[in-house]
Amino acid sequence: MQDCGSGQVIAEFGLAALWLAAALAVLQLIAGGVALSRRGDALGAVVRPVAIVQGVLALAAFAALVAVFISTDLSVKLVAANSHSAKPLLYKIAGAWGNHEGSMLLWVTIMGLAGGFVAAVERRLPERTMMATLAGQAFVSIGFYVFLLFASNPFTRLAEPAAEGQGLNPLLQDPGLAFHPPTLYVGYVGLSIAFSFAIGALITREVSPAFARAMRPWVLGAWIFLTLGITAGSYWAYYELGWGGWWFWDPVENASLMPWLAATALLHSCGVLAARNALRAWTLMLGVVAFSMSMIGTFLVRSGILTSVHAFAVDPRRGTFILVLLAIYIGGALMLFALRAGSISEGERFAVTSRESGLVFNNVMLSGTLGIVLIGTLYPLLAEAMGMKVSVGPPYFNPFTALFVVPMLLVLMVGPLLRWRLDNFGRVRSGLIIPALILVLSIGIAIVMAPGKMLSIIGLALAPALAFASLLPLRGRRLSRVKLPLWGMVLAHFGVAVSLFGMACDSAFTVEKLVAVRPGEAVRVGPWQVTMKSITPIAGPNWTALEGDLQASYNGTAPSLLRPQSRSFWTPPQQTNESALLTRWNGQLYTVLGDEAADGRWQLRLWWKPFVTMIWLGGVLIALGGLLAMLGHVASDVRRVIARSKIAFRRERQGR
Amino acid sequence: MKRLLLILALFVFAPPLLADDTMPPAAYAYRQLDDPRLEAKARGLMETIRCLTCQSQSIADSDASMAGDMRNQIRERILRGEDPEAIRRWLVERYGDYISYAPQVSPATWPLFAAPLLLLAIAALLLRRRFARSGQSGAVK
């Protein structure tokens, strides 16, 4: 009983930390706001420390939640509903954020830590802008604290402790998915910092290259995490759902894609602002839009509106709460933007043939793509609210997003080669002859190899040309002298080509085989010969399974073994298919064991997917490119700070 | 909700489509058509038909028994020489627009198709404004 007692208060401790953090956020907002007035300097001094402590307290609350999940404290409602004592430790921990309340707590924790970090290190901007930024950050946090404390308290106790927990959805019991939501949340929340910077700049009208340089690492960081999160989520859906699809235009996926599109645009316009002091109002606008997309995404995923608009209407408390938050933040920010945009000049001018123009084109096309995804995602919900049920899927999204993405990719081949402000197309023309030739050649090859598949042909044609063109900015440079951000750009653009190639190959060349076989029988799928050896029952910690032993031989080479499983979980009872994949440099063999057919044969689903892994490899390259760019920028920022303090130090000494 | 849909579906279904978890899956639920051309046709259609018992998946990506029955139905009809779009129309007639992932222009869906045009117009306008102005200021060197 006694050691139970010490464990018992952990939930209360977490709740207390959460309340304190919320109170500090209010203080941060007020102090930051007052600091903007002339007499408020004294209060301004508390803003930074308060922001740091608020972050620490939020972290403490989150740690408390993880602790109750690890000890499976079944008197906590959330634990009883989402965990189980027999679950492996990894999934007990991951269970802490694999549900609504926990994930919202994770959200405010990351937000608090990020705000605290900004308060601790960011000293480049005018102090007034920083005060406005931190007040803005507190303002956003308060909404989420209120939401947590009043509409989704993760620490609620049960009157009677449950005898056993209800378990976690087996589909979510996968290492990939354990870390997928935190990754996305870091991305979402990084954009909240960019949002706060934009608000700060709008309030104080301080938009400068220094502002863009302060905001850029956050945008880049958020964007890297979003890229990785989307890539990992796509791969998870690919191997876990058991049908070989990797992107479904599911609203949940779109919810992560939309902030990514906005962040990609923001990242590029931020670069223009930092380098050339141009696109000032546009960058602020994108800062607001990017975080708005994060919030819309959270609303879609967390309000339950996707399962059914009707279920949402029956129990609308949470959904309405987030909707009101959305209205306040997005509406307020857009209003502020409308009020201030007129007084923020557009900044430096540039000619049509210039780096800036290429980036403007990129921004407009990305925004167009974002518009399509947004409409395609929200329209079915609107229609359902009006009593009509429509579905919007790949036949809508694929062609309409291509309408914007394809021109963007074409311009991407040229844009990075152009100089800032004013360039002459003749200067770069000679470099583009080879990519143009590759493009024409690969169109021909693609038409022959994938006749009639329009989008696959476009992808197959664009990818090699883009891959080559993305390397051109390195031409004529000494590679040892090339700075990190340029490497980052080249790598990320190359990654886009790689990913595009994977997508096009998958849709053009996948071979599918659905069969029922007896042990000993062999099946041909593409270049593979797959033989079913045997079926054996096995048991895991919270499931039993039938495992198929498959021998696969590529064009007659030595066979490899694959073991797809058909698993039955008992808490909660559910069947899942664990696919088994065999990866070669040129593609993946994808095998799934289905049910037993009537006559002792077993269902097998086999796919040969040439170059499919390129999709995710490209995603990782894109994120890596972002990382290189971020490291480069941060390193040069640090160098600049050190140099400045050295100069200040010398001056002080000479003055003495 | 899912169960409700399933029960609803059971009522709506014609006898040959009657889905039941205890019955073995229909012939073409997990089997392809022998003619790869016909199978490609069927696959193209199945990828754009929503599975009514799962969330946001097509019947080509679903283990639900109802999705299996619909795959069987589609393959059989393709085998009989029916046109995929005709089968889609037949399905939409039975289950409503909701079943098809390919929205058709109709009084309920026109905003979906007006939106891309509007976005294109805005994009063109933005780019034109930007470049027309910078064209003039191109003289400012």
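# Exercises on a predicted two-chain model

From the N terminus on, the elements of chain B follow the order α-α-α-α-α. The model is predicted, and the exercises below treat chain B, the contact between the chains, and selected residues of chain A.

## Exercise 1. The make-up of chain B

Task: State how many helices and strands chain B holds, what share of its residues is buried, and what share of its contacts is long in sequence.

Solution. Step 1: the secondary structure of chain B amounts to five helices and zero strands. Step 2: chain B has 141 residues, and 28% of them count as buried. Step 3: among contacts in chain B with a separation of 6 or more, 58% join residues 24 or more positions apart.

## Exercise 2. A helix pair in chain B

Task: Describe the packing of helix H2 against helix H4 in chain B by axis distance, crossing angle and handedness, and list the residues that make the contact.

Solution. Two packed helices are described by the angle between their axes and the distance between the axes. Step 1: the axes of H2 (residues 36–46) and H4 (residues 84–95) of chain B come within 10 Å, with a crossing angle of roughly 35 degrees. Step 2: the crossing of H2(B) and H4(B) is right-handed. Step 3: H2(B) contributes Lys41(B), Gly44(B) and Leu45(B) to the contact, while H4(B) contributes Pro84(B), Ile87(B) and Arg88(B). Step 4: sorted by class, the contact of H2(B) with H4(B) has three nonpolar, one polar and two charged residues.

## Exercise 3. Where the chains meet

Task: Give the number of residues in contact on each chain, and the classes found on the side of chain B.

Solution. Step 1: 37 residues of chain B are in contact with 39 residues of chain A. Step 2: the side of chain B that touches chain A comprises 19 nonpolar, 12 polar and six charged residues.

Task: Compare Lys389(A) and Ser391(A) with respect to place, burial and partners.

Solution. Step 1: Lys389(A) is in the loop between H15 and H16 of chain A. Ser391(A) is likewise in the loop between helix H15 (355–385) and helix H16 (394–414) of chain A. Step 2: Lys389(A) counts as partly exposed because it has 14 C-beta neighbours inside 10 Å. Ser391(A), with 21 other C-beta atoms within 10 Å, is buried, because the limit for burial is 20 or more. Step 3: leaving aside residues up to four places away in sequence, Lys389(A) touches Ala383(A), Glu384(A), Gly96(B), Asp97(B) and Tyr98(B). On the same basis, Ser391(A) is in contact with Pro380(A), Arg50(B), Tyr98(B), Ser100(B) and Tyr101(B). Step 4: C-alpha to C-alpha, Ser391(A) and Tyr379(A) are 9.0 Å apart, with their positions 12 residues apart in sequence counted as separation. For Lys389(A) and Tyr379(A), 10 residues apart along the chain, the C-alpha separation is 10.0 Å.

## Exercise 4. Domains and cores

Task: List the domains of chain A and give the separation of domain 2 and domain 4.

Solution. Step 1: the domain assignment gives chain A domain 1 (1–173), domain 2 (175–416), domain 3 (424–509 + 617–627) and domain 4 (511–610). Step 2: taken over C-alpha atoms, the centres of domain 2 and domain 4 of chain A are separated by 39 Å.

Task: Identify the residues that touch the most other members of the largest nonpolar core, and the helix with the largest share of that core.

Solution. Step 1: the largest nonpolar core has 199 residues, of which Ala194(A), Val219(A), Ala262(A), Ala263(A) and Leu466(A) touch the most other members. Step 2: helix H10 (residues 209–240) of chain A supplies the largest share of this core, 16 residues. Step 3: beyond neighbours within four places in sequence, the contacts of Ala194(A) include Met215(A), Trp218(A), Val219(A) and Ala222(A). Step 4: apart from this core lies another, of 18 residues, including Leu593(A), Trp602(A), Leu606(A) and Trp608(A).

## Exercise 5. Positive phi values

Task: Locate Trp249(A) and Asn277(A) and state the phi and burial of each.

Solution. Step 1: Trp249(A), a residue other than glycine, has a positive phi near 55 degrees. Trp249(A) lies in the loop between H10 and helix H11 (251–276) of chain A, and is buried, with 20 other C-beta atoms within 10 Å. Step 2: Asn277(A), also not a glycine, has a positive phi of about 55 degrees. Asn277(A) lies in the loop between H11 and helix H12 (280–302) of chain A, and is partly exposed, with 18 other C-beta atoms within 10 Å.

Methods:
Residues are numbered from 1 along each chain as its sequence is written. Chains are lettered from A and ligands numbered from 1 in the order in which they are written. This is a predicted model: local features need pLDDT of at least 70, side-chain atom pairs count only at pLDDT 80 or more; totals for chains, interfaces and linings use all residues. Domain bounds come from an automatic or database domain assignment. Two residues are in contact if their C-beta atoms, placed from the backbone, lie within 7 Å. Ala, Val, Leu, Ile, Met, Phe, Trp, Tyr, Cys and Pro count as nonpolar, Asp, Glu, Lys and Arg as charged, and the others, Gly among them, as polar. Axes are lines fitted to C-alpha atoms, for helices over the stretch in contact, and angles run from 0 to 180 degrees between N-to-C directions. Helices (H or I, at least four residues) and strands (E, at least two) are DSSP runs, numbered from the N terminus. A crossing is left-handed if the near helix is turned anticlockwise from the far one by less than a right angle, and right-handed if clockwise. A nonpolar core is a set of buried Ala, Val, Leu, Ile, Met, Phe, Trp, Tyr and Cys residues joined through C-beta atoms within 7 Å. A residue is buried if 20 or more other C-beta atoms lie within 10 Å of its own, exposed if 12 or fewer, and partly exposed in between; C-beta atoms are placed from the backbone.
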